[in-house]
Amino acid sequence: MSTPKPNQPLPQTLLSTLQDIQRRGSLSHATHPFASSAGPSSNALQDIIEATNRLSQSLSIYDSTNFGDAKLISRLREHANISRSFHVSDLNIQQTVDTLKKKSRVKYGEDIPLDRTVLVEWCISRFETWGRSVGMETFKDEGHEGTVTLVFGGKVLVVDIDFSVDRTNPLRPSIRISNVKTSYAIPGAESNTEGSNSLDAFLCHSMQAFCIEIQRPEAELDPLEAARLGIIINDHLQYLVVLDRFAERKGEDGGLRWFVEVDALCRDVEVFASAEAKVIASSLAQERAPLDVFLLRAHALPLPYLRLPSISFLVYLSPGAYLQLLRNPAAFEQSPHLPLLDIPFTEIRKQLPRRPKGVTLASLALSSRSDVHSFSVSMSMPTLTTRPAFPLVPDGAREHTFPQTADISSSPFDLEKPSWLLDFTEGGRHPGVVVSQSRMRDIELVVNPLSSMDEMNTVNIISFGTGSWIDLLLNPSNPASPERYTAVYRSPSAMHPPLQLRLTAPEEPGFILEKVPVHSIKEVWGVLEIVREQCWLNEVLLGCDWTPEGLKSTNDVPPDDTEATEADLEAVLSGTIIPRKIPVNLFLPSEYSVTSFERNPALTDVHTHRPKIVMMAPERPPISGSVGIAVTYDELKARGVDVQVNGALGADLNQDILEEVCRRGGTLGLPGRIWARSPGPS
């Protein structure tokens, strides 16, 4: 009789199938294809559907079987109990392991040696470890005194890292990165092809940052920061290995196009951004376009090699983040291909990697994961897609399709298929962007015009227990979905009484946008247009601290418990009393109509869904009635917004000033400003 093999998996039973489904209790609630876990969640749901069908068939067979032997029934019951104990034990072990993995992430710092005489060798060994960990061959060449060269070799990619070692002080030797050079070893070629200078400088900068950090004085040494910089270097090398695996493929699927794609794309998008910046600067009669206005009116700002060996896009800056950048003076660089902006690119690149509050970044990166939810390239049909729109430079955006492989893989076991992803999470380090369902639908129509989601256009969006997208933005930790939120807006200059804001949450669910698969730069522009509009709306609302209606807030205006006097009564009767607070009702219309100020008929179809904020406040006494204020996002306006006021009789208002107030973050304070400009009692 043959003995069973050790660690042989247990056979599937009814109980084990149910327990496998139960094990997926920690399944991510990814309800849309643009979440980071959309692929695994979709596969898990498919497995559950198949398991349900198998269970139904098995139960039907058992139901039709006549079990009349009591001894057989007893044996079957005993076998079921033994099998259940095995599977329960396995389930408990798996749950324990999952719990330990999901425990608060403990960050361990680099084990930097305290003996400075061995620091140089330790630093070089760390680079060797990173190279081997990503699957590259490493070679160490100790040249003449003071020079060490590390060579990382892939299938096509070769990375040469030159270290300069200074042993003038034997007790405190120093090390720095003197040069990084990439090249491509093309099969059959006599010599290598040189790589990108921009990529070389990017790798050199990130590696040199690690060397500087580990050589700080002992009092300033931060092992956690050194570990963070090491992880960044490892991520860069790992991404290059992904490109290397695609480049080594035979035929049209491989080649150097996977490496030179970024530089070719950067030239096109930087030229396009420069053209848009010139139009904006000209409309404002300025030499350089303000960065915040550029992001509102133009498309996203391209930033090559910001966080990855790829290209990133600055999508939106809140007024506070823009002011923070503006307060750091820096010299302007002279570069003919970069947009002329009021903030130098050196300062932008210095501050944005820290991801300050109010900044929205997107990175275009290649992924080789087989579980990425992607759409076919053939689905990109420009005749059915109204986005992107280019009102500033109609002929300035060049079409650029990203490299792809053939639909039929050369090997049936080749699960690596390239997917170009527009990532808003920086590899999962940051949360995504809160997006309403209607804009999520618009994003899907950009990358998949044949999507069935478009069939929901005629159906009113109802939350069905999922809450409003406002809940994800203002109250993400609370499962309750209040109907309204309240906040208090106080004028920084005490121009008007505090505003008691009351926001009615729209009955439209929302999602967290994390990653979007794209095939061309046109799809990238279309997606970023939609995200830009949503970010403008999000940041305006985040300008106040909101509380669900009915709950106490520390920002509330304290009640006036003083006893009323004859003077107070006279002020009320004459209309000269200054109110303790001004009530303002806020609404976010779900359906946006084309407004009268649009002059370009080509944009009519594109902008039928403009984000808008409507505010209603009472007139200033003695005038009765209410004032209606509509603030609409509009890239055709000089500052990217349009303000329309209905009411406010006799108020001294200036359209340009109101738009400038919105630009500087005072959108929610407009009712108070209009109240202060309105004529009071004589």
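Me: How do you know how confident the predictor is in this chain?
Reply: This is a predicted model, and each residue carries a pLDDT on a scale from 0 to 100. The chain averages 80, and 80% of the residues score at least 70.

Me: Which residues have a pLDDT below 50?
Reply: Residues 452-465 do, and that stretch still has 17 contacts in the model beyond near neighbours in sequence. Residues 592-607 also stay under 50, with 28 contacts beyond four places in sequence. Where pLDDT is low, the predicted coordinates should not be read in detail.

Me: What makes up the lining of the second largest pocket?
Reply: The second largest pocket holds about 1,100 Å³ of space. Its lining has 31 residues, and the closest to the centre are Phe202, His205, Tyr305, Leu306 and Arg349. By type, the lining divides into 14 nonpolar, seven polar and ten charged residues. Phe, Tyr and Leu count as nonpolar and Arg as charged, so Phe202, Tyr305 and Leu306 belong to the nonpolar group and Arg349 to the charged one.

Me: Which elements supply at least two residues of that pocket's lining?
Reply: They are α5 (197-214), α6 (223-247), α7 (257-283), β6 (301-304) and α10 (345-351). Of these, α5 gives the most, with seven residues.

Me: How do you know that the span of α6 is close to what is expected?
Reply: The expected span is 1.5 Å times one less than the number of residues. Helix α6 has 25 residues, for which 36 Å is expected, and it reaches 36 Å from its first C-alpha to its last, so the two agree closely.

Me: What makes the pair at the start of α6 a polar contact?
Reply: A side-chain oxygen of Asp222 reaches to within 3.2 Å of the backbone nitrogen of Leu224. The cut-off for such a pair of N or O atoms is 3.5 Å, so this pair qualifies.

Me: Why is the second largest cavity called a cavity?
Reply: It is called that because a 1.4 Å probe fits there but cannot get out, whereas a pocket is open. Eight cavities of 30 Å³ or more are counted, and the second largest has about 70 Å³ of space.

Me: Which residues line the second largest cavity?
Reply: Among them are Ile582, Trp675 and Ser678. Strands β17 (612-618) and β18 (626-633) and helix α16 (670-677) each give two or more residues, with α16 giving the most, three. The lining divides into eight nonpolar, one polar and two charged residues.

Me: What does Thr504 touch?
Reply: Thr504 lies in strand β12 (residues 499-504). Leaving out residues up to four places away in sequence, Thr504 touches Glu483, Arg484, Leu586 and Phe587. Thr504 and Asn585 are 81 residues apart in sequence, and 7.7 Å apart in space from C-alpha to C-alpha.

Definitions and conventions:
Residues numbered from 1 in each chain as written. Heavy atoms only, no water. 1 Å grid on protein atoms, 1.4 Å probe; cavity = no way out; pocket = protein on both sides within 12 Å on 5 of 7 lines; lining within 4 Å. Points joined across faces, edges and corners; volume = space filled by probe spheres on them. Helix = DSSP H or I, 4+ residues; strand = E, 2+ residues; numbered from the N terminus. Polar contact = N/O pair within 3.5 Å; in protein donor to acceptor, adjacent residues only side chain to side chain. Contact = heavy atoms within 4.5 Å.
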